[in-house]
Amino acid sequence: LAASKQDWDECTQQKDHPLSIRACSRILSEPGLSARDRSTALVNRGNAYDDSGEPERALADYNSAIAADRQNVDAYFNRGITYRRKKEYERAIADFNEALRLDPRDAEALYYRGRSKIDLGNSAAGEADIAAARKIKPDIGR
């Protein structure tokens with residue numbers, strides 16, 4: 001059986017994290033799930049884990065999402081955000097770089113790469129990234 005619309009709706013909602021984790025897990029247990037759908041469900045479950053204060057479980061899901069679909073920009077971006085929260089700025093920057101390789105106009109990845117560079121003491125490069133992000137999305141970070 002294919003995942004129901006309700007499972008996908010519950011997996012992608014962002015307010016009730018346990019509900020999202022359960023729904024994404026149901027989707028992930030289905031045989032024959034496409035690599036792209038597997039990657040998407042893993043990113044959504046990873047987001048719910050991260051928002052629930054379980055960064056290691058989130059990172060495991062993001063790693064699996066990337067293994068399933070190396071073109072999933074969201075997997076790299078969200079893993080970068082988790083690394084940033086853990087103050088692992090070099091790893092965060094590497095993931096934001098990959099997200100930007102896949103989508104050069106990703107203002108969020110530019111912004112958070114800039115913030116991470118500033119946190120590492122490279123203010124000039126960080127401010128340049130933030131300025132570039134604001135050319136794409138003027139209100140970002142404000």
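**An all-helix chain and its salt bridges**

Of the 142 residues of the protein chain, 45% count as buried. The model is predicted. The chain has eight helices and zero strands, and along the sequence these give the pattern α-α-α-α-α-α-α-α. The radius of gyration is 16 Å, close to the 14 Å that the globule rule gives for 142 residues, so the chain is as compact as a globular protein of that length. Along the principal axes, the C-alpha trace spans about 50 × 25 × 25 Å.

Two further values describe the chain as a whole. Among contacts between residues at least 6 apart in sequence, 42% join residues at least 24 apart. The exposed area of the protein chain is about 7,600 Å², and carbon and sulfur atoms supply 48% of it.

Helix H6 can be taken next. It covers residues 89-102, which makes 14 residues. From the first C-alpha of H6 to the last, the helix reaches 20 Å, close to the 20 Å expected at 1.5 Å a residue. Which residues of H6 are buried? They are Tyr89, Ala92, Ile93, Asp95, Phe96, Ala99 and Leu100. These residues cover an arc of only 165 degrees around the axis, which puts them on the same side of H6. The spacing follows from helix geometry: an α-helix has 3.6 residues a turn, so residues three or four places apart point the same way. Against which helices do the buried residues of H6 pack? Their partners are helix H5 (73-85) and helix H7 (107-119). On the face of H6 turned away from the buried side sit the exposed residues Glu90 and Arg101.

Salt bridges come next. The count in this model comes to 16. Three pairs that involve helix H3 can be followed in turn.

One of them joins Arg36 and Asp69, whose closest N and O atoms are 3.7 Å apart. This pair links distant parts of the chain: Arg36 belongs to helix H3 (residues 35-51), while Asp69 is in the loop between helix H4 (55-68) and H5, 33 residues apart. Is each partner buried or exposed? Arg36 counts as exposed because its relative accessibility is 57%, over the 50% cut-off. Asp69, with a relative accessible area of 12%, is buried, since that value is under the 20% cut-off.

Arg45 and Asp61 form another salt bridge, at 2.7 Å from N to O. Here too the pair links distant parts of the chain, with Arg45 in helix H3 and Asp61 in helix H4, 16 residues apart. Both Arg45 and Asp61 are buried.

The remaining pair of the three is Asp50 and Arg85, with the closest N and O atoms 2.1 Å apart. Asp50 lies in helix H3 and Arg85 in helix H5, so the salt bridge ties together parts that are 35 residues apart in sequence. Asp50 counts as buried because its relative accessibility is 11%, whereas Arg85 is exposed, with a relative accessible area of 52%.

Salt bridges can also share partners. Which residues do such bridges join into one network? The members are Glu56, Lys86, Glu88 and Arg91.

Methods:
Residues numbered from 1 in each chain as written. Predicted model: local features only at pLDDT ≥ 70, side-chain atom pairs only at ≥ 80, totals over all residues. Heavy atoms only, no water. Helix = DSSP H or I, 4+ residues; strand = E, 2+ residues; numbered from the N terminus. Expected span 1.5 Å × (residues − 1). Buried < 20%, exposed > 50% of the residue type's maximum accessible area, 1.4 Å probe, protein only. Arc of directions from axis to C-beta. Contact = heavy atoms within 4.5 Å. Rg over C-alpha atoms; globule rule 2.2 N^0.38 Å. Areas by Shrake-Rupley, 256 points an atom, 1.4 Å probe, with all protein chains shown as cover. Salt bridge = Lys/Arg side-chain N within 4 Å of Asp/Glu carboxyl O.
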